Amino acid sequence: MSDASLPSTEVETSGRRRFFRAWPPAVLLALAWIAFIALVSIFADWLKPYDFMALDLRDRLAEPVFMDGTFRHLLGSDELGRDVLSRLIESVRMSLVIAFLSTLIAAGIGVSLGFLAAHFRGWVEQIILGAIDFMAAIPFLIIALAVLAFFGNTLTLFILLMGMHGWERIARITRGLAIAAKEQGYAAAASEIGASPFRVYGAHILPNIASTLIVAMTLNIPEVILLESGLSFLGLGVQPPLTSLGNMVGYGREYIQTAPWILLSPAVVIILTTLAVSVVGDWLRDRLDPTLR
Amino acid sequence: MLGYIASRAFRALVTILLVLTFAFFILNATGDPAILILSADAPPEAIEAFREEWGLNAPLWKQYLGYLWNLAHGELGRSMRDGRDAWAVVSERIPVTLAITIPALIIKLVIGISAGIVAALWRDTWVDRLVMAFSVTGYTVPSFVLGLALMLVFAVQLGWLPAAGADSWRHAILPIITLGVAGAAVLARFTRSAMLEVLGQPFIRTGLAKGLVWRAVVIGHAFPNAAIPTLTIAGFMIGSLVAGAVVVESVFAWPGVGRLLVSAVGNRDLMVVQAILLLVTVTMVSANLIVDIVYGFVDPRLRTARGGPARGGT
Amino acid sequence: MSALLEVEGLVKHYHVRGGGGLFGAPVVLKAVDGVSFAIPAGRTLGLVGESGCGKSTTARLVLGTLARDDGQVMFDGEPVGSVRDARWRSQRRAMQMVYQDPLSALDRRLTVGKQVMEPALVHGLGAAAERHEKALSIMDAVGLSSRFFDRYPHELSGGQRQRVVLARALILSPKLLVCDEPISALDVSIQAQVINLLVDLQEKFSLTYLFISHDLKVVRQVAHEVAVMYLGRVVERGDPEALFHAPAHPYTQALVGAIPTPRTRGRARAALQGDPPSPINTPPGCSFHPRCPRAEARCRSEAPLLRPLDDGRFAACHFPVLSTPAREAA
Ligand SMILES: Nc1ncnc2c1ncn2[C@@H]1O[C@H](COP(=O)(O)OP(=O)(O)O)[C@@H](O)[C@H]1O
Ligand code: SF4
Ligand SMILES: [Mg+2]
């Protein structure tokens with residue numbers, strides 16, 4: 001009886017071990033967290049118990065449930081009586097949307113410039129390489145800060161500006177990969193049948209280098225979240241009445257003595273989110289492209 | 001070698017000039033400073049007088065050339081807020097910032113490098129895992145969250161240290177720890193991977209095979225080789241001694257250059273913002289230049305390759 | 001009789017760095033140095049020579065995918081250039097390439113079907129459904145079952161991949177196919193299949209081939225005429241059987257001698273001797289002279305021109321082998 005059951009347990013454990021080697025628990029947790037906040041952002045309007053701007057003057061600075069508060073405001077309320085949970089949900093959505101769109105912009109710029117450099121070589125390439133070096137040599141946060149303050153901050157401008165972060169890394173990677181791909185037969189073969197450069201780069205080279213680019217983009221996202229929340233914390237990012245995670249922390253700083261819960265939950269969400277995306281990014285890099293860095 | 005230094009220096013200069021030009025046009029294109037400062041409903045004569053005083057009626061390119069001209073003569077303009085010399089306004093804050101960033105740099109170097117070395121030498125033990133867990137925080141915990149957390153614990157809950165301000169040396173402790181911890185985490189990760197790379201090299205393994213004592217190999221060969229990439233990162237950290245503290249200074253209300261920048265930006269004080277940008281860019285670019293040159297001495301192959309050493313960090 | 005493809009005095013020189021790595025002085029590499037030939041419609045010209053003698057470069061110059069330094073290419077009465085203008089694009093439909101390594105010539109991210117249809121898509125031929133039909137019928141013609149349509153290149157065998165490359169080349173119904181070593185990357189067991197397929201396809205679609213190989217034996221099976229290249233030049237040209245049985249140029253003789261056959265067994269093989277050739281600093285005079293058993297003083301100073309021999313062949317040699325044992329025996 002016990003003899004008969006032994007092999008099957010062995011198979012089971014080795015199967016489980018293989019599963020966890022391919023999908024380490026930390027990665028599974030990180031993916032679960034990302035899926036969770038992604039769902040929260042998508043269904044934010046249904047999940048929010050209150051409007052995130054609604055004032056509840058009778059219940060200002062209410063304590064959260066875990067600090068002996070009531071269930072009226074699960075995560076407490078701020079000094080205007082706005083529900084922290086509702087604001088948190090709205091902020092998660094805002095921060096994720098900004099991080100995602102900005103990374104797409106950075107990828108768009110980086111991939112286009114990388115392809116241009118690889119295609120034309122010569123002085124075009126030299127100029128693009130110069131711009132890449134330039135980006136790496138300037139204090140981006142400081143310049144972003146100045147631009148935001150003087151341009152009169154709108155959400156669109158803010159996202160565009162965040163999209164300037166990290167393009168140089170993607171451009172550098174793209175250029176290297178595209179030059180290597182051009183040497184390979186498939187790109188030359190496509191070009192020799194008369195395909196336009198747009199087709200060669202867009203339909204052939206891009207899909208072939210996509211996995212590496214996705215890794216680079218994933219690793220860019222936590223950086224943008226940190227940058228966005230930092231600027232918002234300083235009051236130069238997302239502007240009220242809109243809210244983001246960094247915004248909530250910056251606002252909560254004033255109440256750190258009396259109502260620390262205002263900044264507690266957004267701070268935790270920032271940390272968990274950047275951590276989760278970094279873990280997934282590192283894991284993707286190891287799986288898809290160990291040559292990257 | 002001289003040619004290499006010259007080309008690097010030339011590029012550094014171009015970078016600085018580009019940042020200044022960019023900043024000048026962006027900042028001046030974003031609205032009328034007269035209205036921004038005096039508010040839109042100020043009397044028209046006042047606005048006109050303000051423009052006259054600051055030379056805002058000239059075309060932008062003339063203002064730009066004038067700006068460069070003054071810059072070449074060491075004049076950075078005057079603060080539009082109180083009319084003081086912009087450089088004086090900025091420079092009096094530099095020591096205040098350095099008072100927290102230099103101790104923080106020392107913490108970064110000491111803790112970061114030793115933690116990285118220890119983690120590499122005891123790879124895959126609990127020490128390594130502890131260091132790596134610590135270093136992850138450097139990438140995922142924003143400095144303002146770390147600062148506020150420290151403030152919450154040591155100032156609000158325990159009451160050991162003041163929460164904000166700059167009245168005594170005790171006020172500096174939390175900002176220094178905040179800056180130091182985050183940087184140390186980044187440096188630990190770099191040092192660890194640099195050490196691991198060196199430890200895996202054939203010459204280390206031959207050294208061990210030849211019967212050399214392990215410690216002698218590590219100290220004699222591994223350290224010097226791992227030092228190069230590590231010092232690069234340290235060089236960039238030195239480059240951001242002024243700029244790196246913007247957020248932390250704001251958290252702790254520490255009146256350094258960073259806070260000045262945030263308030264000058266809020267006040268639309270063009271000349272002060274430009275002076276700070278100049279200061280920050282010059283320190284960063286010169287630190288990069290020095291790192292490049294040192295690298296060129298250490299590794300002659302880089303002199304011919306373009307781009308110089310790979311940059312890490314942000 | 002005017003030929004479908006006429007090539008006159010093709011030249012391609014590369015400027016490369018000489019010895020000493022990055023810092024060597026720039027030197028001229030004569031990849032192709034004055035190549036001429038013509039192929040009548042429906043015929044096959046075999047181009048043979050050792051690796052590095054400039055065969056692939058010639059192929060790309062002929063197709064206009066590489067800019068030539070001198071010479072002329074006439075295809076179907078029109079000049080072929082390397083500028084990607086309207087004529088260049090329309091010429092793509094009439095002249096296609098079959099690559100040596102099918103795996104690298106195919107995009108591993110696209111299905112077989114998409115890649116076979118791609119040339120038609122690029123040239124805007126037919127609606128999507130028509131392209132689909134056409135691709136399936138071409139795949140059938142090259143012996144690929146329709147179940148491969150949605151497969152990826154890495155799921156196929158080497159022979160099947162080369163059939164995909166062929167189908168992709170044929171979907172535009174070209175007149176000329178340039179096959180650059182089409183079988184040398186394949187397993188020996190399937191080389192014959194692909195050769196037979198090429199011969200069948202020539203018949204079926206009345207194709208003209210420029211067939212490139214380093215292997216004279218392979219060329220002999222498919223070519224109606226053979227040109228032998230050495231260091232960027234054609235050194236002998238003529239009927240494959242004549243060339244094989246009675247090589248006139250000492251280099252061809254050495255190539256033939258390198259093939260073990262019952263006929264050559266008894267004879268002393270003229271093995272290639274001396275340094276392997278380099279297209280950099282080619283020797284003065286006849287570039288083959290350092291390795292040539294018949295070389296004399298004249299060969300070291302005067303370059304031989306490609307000139308006709310009595311039997312209609314062409315050879316570039318001052319002292320061609322006019323009567324060979326094979327001929328005497330015949
Ligand atoms: N892009 C290039 N740059 C420099 N040299 C080249 C280039 N392409 C080919 N060559 C050189 O030209 C010569 C002929 O090459 P190739 O036509 O590929 O020969 P084959 O196909 O007969 O083997 C070789 O010596 C090769 O090294
Ligand atoms: S020309 Fe002279 S060297 Fe050249 S192949 Fe003929 S005999 Fe030999
Ligand atoms: Mg070849």
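## A hairpin in chain C and the contacts of chain A

Let's start inside chain C, where strand E9 and strand E10 (residues 233–238) run antiparallel and are joined by five bridges. Keep in mind that this is a predicted model. Together, E9(C) and E10(C) make a hairpin with two residues between them. Look for Leu231(C) in that turn, where phi is positive, at about 45 degrees. If you want to trace the pairing yourself, find Val226(C), whose bridge partner in E10(C) is Gly238(C).

E9(C) also pairs with strand E3 (residues 44–48) of chain C: four bridges join them, and here the two strands run parallel. One place to see this is Leu45(C), which stands opposite Glu225(C) in E9(C).

Why is strand E9 of chain C described as largely enclosed by the rest of the structure? Strand E9 spans residues 225–230, and five of its six residues are buried, so the rest of the structure largely encloses it. Here "buried" means under 20% relative accessible area. As a general point, side chains in a regular strand alternate between the two faces of the sheet.

### Two chains side by side

Now step back to chain C as a whole. Chain C contains 13 helices and 12 strands. Chain B, by contrast, has 15 helices and zero strands. In chain C, buried residues make up 50% of the 330 residues, while in chain B 48% of the 314 residues count as buried.

What about contacts that link distant parts of the sequence? Among contacts in chain C between residues at least 6 apart, 64% join residues at least 24 apart. For chain B, residues 24 or more positions apart account for 72% of the contacts with a separation of 6 or more.

The surfaces can be described too. Chain C exposes about 15,200 Å², with carbon and sulfur atoms supplying 51% of it. Chain B exposes about 14,800 Å², and there carbon and sulfur atoms supply 68%.

### Where chain A meets its partners

Chain A touches both chain B and chain C. This table sets out the two interfaces.

| Interface | Residues in contact | Buried area | Share on carbon and sulfur atoms |
|---|---|---|---|
| Chain A and chain B | 40 residues from chain A, 46 residues from chain B | about 3,700 Å² | 76% |
| Chain A and chain C | 15 residues of chain A, 22 residues of chain C | about 1,600 Å² | 45% |

On the chain C side of things, Glu192(A), Ile193(A) and Asn208(A) supply 42% of the area that chain A buries against chain C, more than any other three residues.

Which residues form the salt bridge between chain A and chain B? Asp282(A) pairs with Arg189(B), with the closest N and O atoms 3.8 Å apart. The count between these two chains is one salt bridge. Several helices of chain A each supply at least two residues of the side that touches chain B, including H5 (122–137), H10 (197–233) and H12 (261–288). H12(A) gives the most, with nine residues.

Between chain A and chain C there is also one salt bridge. Glu118(C) forms it with Arg199(A), and the closest N and O atoms are 2.7 Å apart. This interface has 10 residue pairs in polar contact, both residues being at pLDDT 80 or more. Helix H9 (185–192) and H10 of chain A are the elements that give two or more residues to the side touching chain C. The largest share, seven residues, comes from H9(A).

Methods: Residues are numbered from 1 along each chain as its sequence is written. Chains are lettered from A and ligands numbered from 1 in the order in which they are written. This is a predicted model: local features need pLDDT of at least 70, side-chain atom pairs count only at pLDDT 80 or more; totals for chains, interfaces and linings use all residues. Side-chain values use heavy atoms; hydrogens and water are left out. Buried means under 20% relative accessible area, exposed over 50%, partly exposed in between (1.4 Å probe, protein chains only). Contact means heavy atoms within 4.5 Å. Accessible areas come from the Shrake-Rupley method with a 1.4 Å probe; for residues, only the protein chains shown count as cover. Two strands pair if DSSP finds at least two bridges between them. Buried area is the accessible area (1.4 Å probe) that two parts lose on being put together, summed over both. A salt bridge is a side-chain nitrogen of Lys or Arg within 4 Å of a carboxyl oxygen of Asp or Glu. A polar contact is a pair of N or O atoms within 3.5 Å; within protein, one must be able to donate a hydrogen and the other to accept it, and residues adjacent in sequence count only if both atoms are side-chain atoms.
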